[in-house]
Amino acid sequence: MKLYDYVLSPSCYKVRLMAALIGVKLEIRPVDFHPGAEHLGPELMALNPAGSIPILEDGDLILTESTAMLAYLAAKAAPEWLGSGAPEETARIQQWLSFSHRLTASLGGARLHEMLLRPGDIAALQAQGIAALRELEAGLVEQGLRGMRFLASDRPTIADIACFPYVALAPDGGILLDPYPAIRLWSRAIRGLDDFIEMPGIHRLHELNPEPQIEPGAA
Amino acid sequence: MPARIPAGPIALWRSQAGHAVASADRCPHRGMRLSHGFVRGEALSCIYHGWSYGKTGNCLRIPAHPSLTPPETIRVATHDVEESDGIIWIALGQPAARPPRFEGLVPLRSLTVNANVAAVEAAAGAKADPEGLVSPSQHPQEIRLLLAPQDDQTLIHVLLDDKSSPSRRIAASRTAESLRRMAEDLQAKVQAS
């Protein structure tokens with residue numbers, strides 16, 4: 001399974017993270033997204049005429065939507081990440097998967113504007129991002145009152161992985177995460193999962209690592 | 001977690017033994033926010049170079065100098081903290097009195113509103129009582145609000161009857177979201193006029 005990947009892309013990270021969490025090995029094909037704009041070159045446009053990354057290739061299956069990639073990886077290796085099949089849970093997973101595109105457009109748009117100087121109305125992108133974060137916060141508060149730590153269930157699903165990266169990187173777009181205590185707890189729950197992997201700007205929980213002990217004089 | 005009090009930003013953290021501590025949100029070493037840090041045992045460590053601080057603010061450990069006992073002069077300011085019925089109170093200076101108790105109420109959640117206290121009270125249709133609680137006129141039985149002004153924003157702590165069912169609690173959370181929208185609309189109208 002080959003992933004056309006860019007290390008700083010939150011959407012690519014979703015797929016790398018999902019694969020790591022469920023123990024699927026990916027062949028990583030790095031794409032020079034910036035500054036080379038390789039995703040708009042003939043080789044990648046032939047795979048994905050939309051000119052976006054990530055792209056996941058498995059035999060003659062070519063996926064260009066990260067949520068579809070999450071569903072594919074989970075269905076192949078760890079179907080419990082697709083939910084239990086209970087109607088409410090199924091609906092919540094679909095709700096948050098669709099919602100994740102709003103995070104990409106708002107928080108991701110603000111991040112591209114601030115990091116790569118892409119054009120855009122930064123005030124409007126940030127306002128839309130804050131509106132989306134408030135919805136997510138309210139949703140997580142309600143889940144907490146139902147006794148559940150994750151977006152659709154008491155265990156993580158593909159919906160959590162679809163929403164997590166752009167939220168965690170919101171400060172890159174000038175949007176503070178300080179006002180959202182439920183998002184903070186949820187982020188910590190995801191970052192504390194076994195086999196969690198990092199990307200630049202998103203680190204695992206330090207307190208889970210053993211305290212490094214340096215012998216005096218060893219350095 | 002990061003929080004704000006009138007004295008400035010703080011890192012509010014809970015030690016492994018369960019003590020809540022309010023430390024200034026700035027590592028004296030390089031100025032990094034301590035709320036980006038992490039708690040191990042009874043210490044809060046800075047994410048940048050790992051300097052760690054105890055509950056009274058003294059520096060306990062500097063990882064780059066493992067054999068050094070940090071001098072007493074390296075410390076972060078801390079504030080007295082009192083926890084009662086699920087609410088953490090932080091004193092500015094020496095506490096003059098014990099914080100109020102809210103019998104029969106439990107905290108639900110805290111929301112930041114882009115509006116001042118007057119706009120929140122106008123949206124609620126009620127003013128704070130002597131203990132600081134607002135009972136919104138449309139929902140007097142449903143929720144109580146405890147308001148904390150933060151510069152041009154207001155932090156709303158939502159409380160409700162401690163016997164409320166989960167579905168009542170979810171409804172109360174949605175009511176608080178509506179009140180926030182109303183308060184922000186009112187504030188925007190005031191600023192536009």
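**Exercise 1. Find which domains chain B is divided into, and how far apart their centres lie.**

Step 1: Chain B splits into domain 1 (2-90) and domain 2 (105-192); such bounds come from an automatic or database domain assignment.
Step 2: Now take the C-alpha centres: those of domain 1 and domain 2 of chain B are 30 Å apart.

Before you go on, some housekeeping. This is a predicted model, where local features need pLDDT of at least 70 and side-chain atom pairs count only at pLDDT 80 or more, while totals for chains, interfaces and linings use all residues. Residues are numbered from 1 along each chain as its sequence is written, and chains are lettered from A and ligands numbered from 1 in the order in which they are written.

**Exercise 2. Work out the strand order of the four-strand open sheet in chain B, and say which strands stand at the edges.**

Step 1: Get the terms straight. Strands (E, at least two residues) and helices (H or I, at least four residues) are DSSP runs, numbered from the N terminus. Two strands pair if DSSP finds at least two bridges between them.
Step 2: Read off the order, which is β1-β2-β3-β8 in chain B, with antiparallel pairing.
Step 3: Look at the ends. β1 (2-5) and β8 (78-79) of chain B each have a single partner strand, so one side of each has no neighbour in the sheet.
Step 4: Zoom in on one pair. β3 (residues 20-24) of chain B is joined to β8(B) by two bridges, and B:A22 sits opposite B:H79 in β8(B).
As background, strands of a sheet pair through backbone hydrogen bonds, either parallel or antiparallel.

**Exercise 3. Describe the hairpin of β9(B) and β10(B), and find the residue in it that takes a positive phi.**

Step 1: Four bridges tie β9(B) to β10(B), and the two run antiparallel. One pairing sets B:E82 against B:W89 in β10(B).
Step 2: There are two residues between the strands, and B:D85 is the one with a positive phi near 55°. B:D85 belongs to the loop between β9 (81-84) and β10 (87-90) of chain B.
Step 3: Is B:D85 buried, partly exposed or exposed? The rule counts other C-beta atoms, placed from the backbone, within 10 Å of a residue's own: 20 or more is buried, 12 or fewer is exposed, and anything in between is partly exposed. B:D85 has 14, so it is partly exposed.
Step 4: Try the rule on B:D151, a non-glycine with a positive phi of about 50°. B:D151 lies in the loop between β13 (144-150) and β14 (153-161) of chain B. With 8 C-beta neighbours inside 10 Å, B:D151 counts as exposed.

**Exercise 4. Check the span of α2(B) against the expected value, then see what the helix touches.**

Step 1: α2(B) has 27 residues, and the expected span is 1.5 Å times one less than the number of residues.
Step 2: The expected value is 39 Å, and the helix reaches 39 Å from its first C-alpha to its last.
Step 3: Its buried residues include B:R169, B:A172, B:A176 and B:L179. Their cover includes α5 of chain A, along with β11, α1 (117-124) and β14 of chain B.
Step 4: Turn to the contact between the chains, which takes 16 residues from chain B and 16 residues from chain A. Residues are in contact if their C-beta atoms, placed from the backbone, lie within 7 Å. On the side of chain B that touches chain A, α2(B) gives the largest share, five residues.

**Exercise 5. Locate the largest nonpolar core and say which domains give residues to it.**

Step 1: A nonpolar core is a set of buried Ala, Val, Leu, Ile, Met, Phe, Trp, Tyr and Cys residues joined through C-beta atoms within 7 Å.
Step 2: The largest has 52 residues, and those touching the most other members include A:M18, A:L70 and A:C163.
Step 3: α6(A) gives the most, with nine residues.
Step 4: Domain 1 (2-80) and domain 2 (83-191) of chain A both contribute, so the core lies between them.
Step 5: Follow one member. Leaving aside neighbours within four places in sequence, A:C163 is in contact with residues including A:W96, A:F99 and A:L136.

**Exercise 6. Find where the cis peptide bonds ending at A:P35 and A:P54 lie.**

Step 1: A:H34 and A:P35 are joined by a cis bond with omega about 5°. A:P35 is in the loop between β2 (27-30) and α2 (42-47) of chain A.
Step 2: The bond from A:I53 to A:P54 is also cis, with omega near 5°. A:P54 is in the loop between α2 and β3 (55-58) of chain A.

Conventions:
Contact = placed C-beta atoms within 7 Å.
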